[in-house]
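Here is a short report for a reader who works with coordinates. Look over the sequence and the model before reading on.

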Amino acid sequence: MGVEWLVLFDIDGTLLHSGGCGRAATRLALQEVFGTTGVLDEVSFAGTTDWQVLLEALVPAGFFAEDIRRDLDRYERAVAGHLARIIDEFPIRPCAGAPDIVGALRDDPAVLLGLVTGNVQSLVAIKLRAAGYDPRDFRIGAFGSEGWTRPMLPPLALDRARRLAGLDFAPERVVIIGDTPGDIECADSIGARTIAVATGPFSIEQLAAHRPDHVFADMANRDAVLSAIFANGHAR
Ligand SMILES: [Mg+2]
């Protein structure tokens with residue numbers, strides 16, 4: 001049996017609790033690359049992309065979107081350097097049940113595991129390793145420097161998955177798992193099913209209002225989460 005399912009995870013609040021390390025590294029990198037943090041303190045990171053965060057922090061401070069785009073590569077290198085240096089100061093830990101779910105999916109030959117994350121790519125391996133994940137388990141991804149809104153990311157991940165697997169994934173066999181309304185809503189861009197987990201800043205009730213296909217307090221109930229991922233359509 002070959003690959004049939006594509007499961008795409010968000011990172012912060014879904015796979016791991018970052019303890020604020022991303023915001024701290026962003027602050028240092030903005031200062032280094034742009035000379036100011038703009039209005040970063042007023043910007044929410046949840047369910048957005050790092051590119052969007054930069055726009056929301058810097059445009060009100062007088063920067064042009066085109067200038068921010070031009071400096072994205074430099075920012076991405078700077079923020080990774082800062083994160084690698086400071087990450088040990090933060091209490092990073094995996095979200096309840098998430099490592100077990102990732103392990104089960106990684107070991108399932110019918111599943112291609114990937115990421116749809118607002119993090120710029122240079123941060124991904126640093127954060128995943130700090131929480132005990134192996135970044136190589138996630139075979140494809142779409143990242144926060146590839147879209148200034150989150151709905152731009154799932155089509156990129158799906159395209160990369162198709163090319164890697166050499167097949168089209170049926171929409172009902174593509175699942176996005178995340179902790180924010182932004183994760184749920186971005187799935188519309190590819191018609192994927194959605195699983196919301198209340199391990200980030202939003203409650204079960206807040207997430208349910210955005211009508212994910214399933215919502216869980218966390219991923220600790222292994223059988224229930226795997227059944228939701230496969231919509232009971234995959235013999236295990
Ligand atoms: Mg998240």
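Which residue ranges does the domain assignment of the protein chain give to domain 1 and domain 2? Domain 1 takes 5–17 + 93–229, and domain 2 takes 21–89. This is a predicted model.

**The two domains**

The centres of domain 1 and domain 2, taken over C-alpha atoms, are 23 Å apart. Domain 1 puts 21 residues into the contact, and domain 2 puts in 18 residues. Together the two domains bury about 1500 Å² between them. Of that area, 70% lies on carbon and sulfur atoms.

Three residues stand out on the domain 1 side. Leu123, Ile126 and Trp148 supply 35% of the area that domain 1 buries against domain 2. No other three residues supply more. Helix α6, residues 121–130, gives the most to this side of the interface, with six residues.

What about polar terms? The rule finds zero salt bridges across the interface of domain 1 and domain 2. It does find eight residue pairs in polar contact there, both partners at pLDDT 80 or more.

| Interface of domain 1 and domain 2 | Value |
|---|---|
| Separation of centres (C-alpha atoms) | 23 Å |
| Buried area | about 1500 Å² |
| Share of buried area on carbon and sulfur atoms | 70% |
| Salt bridges | zero |
| Residue pairs in polar contact | eight |

**The magnesium site**

Which residues coordinate the magnesium ion? They are Asp10 (OD), Asp12 (O) and Asp179 (OD), at 2.1 to 2.2 Å. Along the chain, the donors follow the spacing D-x1-D-x166-D. Asp10 sits in the loop between β1 (5–9) and β2 (16–17), while Asp179 sits in the loop between β6 (174–178) and α8 (181–186), so the pair ties together parts that are 169 residues apart in sequence. Both Asp10 and Asp179 are buried.

**Gly147**

Gly147 is in the loop between β5 (140–142) and α7 (153–165). Is Gly147 buried or exposed? Its relative accessibility is 0%, so Gly147 counts as buried. Leaving out residues up to four places away in sequence, Gly147 touches Thr49, Trp51, Met152 and Leu153. Trp51 is 96 residues away along the chain, yet the C-alpha atoms of Gly147 and Trp51 are separated by 6.7 Å. By the assigned ranges, domain 1 includes 93–229 and domain 2 is 21–89. Gly147 can be read against those ranges, as can its partners Thr49 and Trp51.

Key: Residues numbered from 1 in each chain as written. Predicted model: local features only at pLDDT ≥ 70, side-chain atom pairs only at ≥ 80, totals over all residues. Heavy atoms only, no water. Donors = N, O, S within 2.8 Å, 3.2 Å for Na, K, Ca; no water. Helix = DSSP H or I, 4+ residues; strand = E, 2+ residues; numbered from the N terminus. Buried < 20%, exposed > 50% of the residue type's maximum accessible area, 1.4 Å probe, protein only. Domains from an automatic or database assignment. Contact = heavy atoms within 4.5 Å. Buried area = accessible area lost by both parts, 1.4 Å probe. Salt bridge = Lys/Arg side-chain N within 4 Å of Asp/Glu carboxyl O. Polar contact = N/O pair within 3.5 Å; in protein donor to acceptor, adjacent residues only side chain to side chain.
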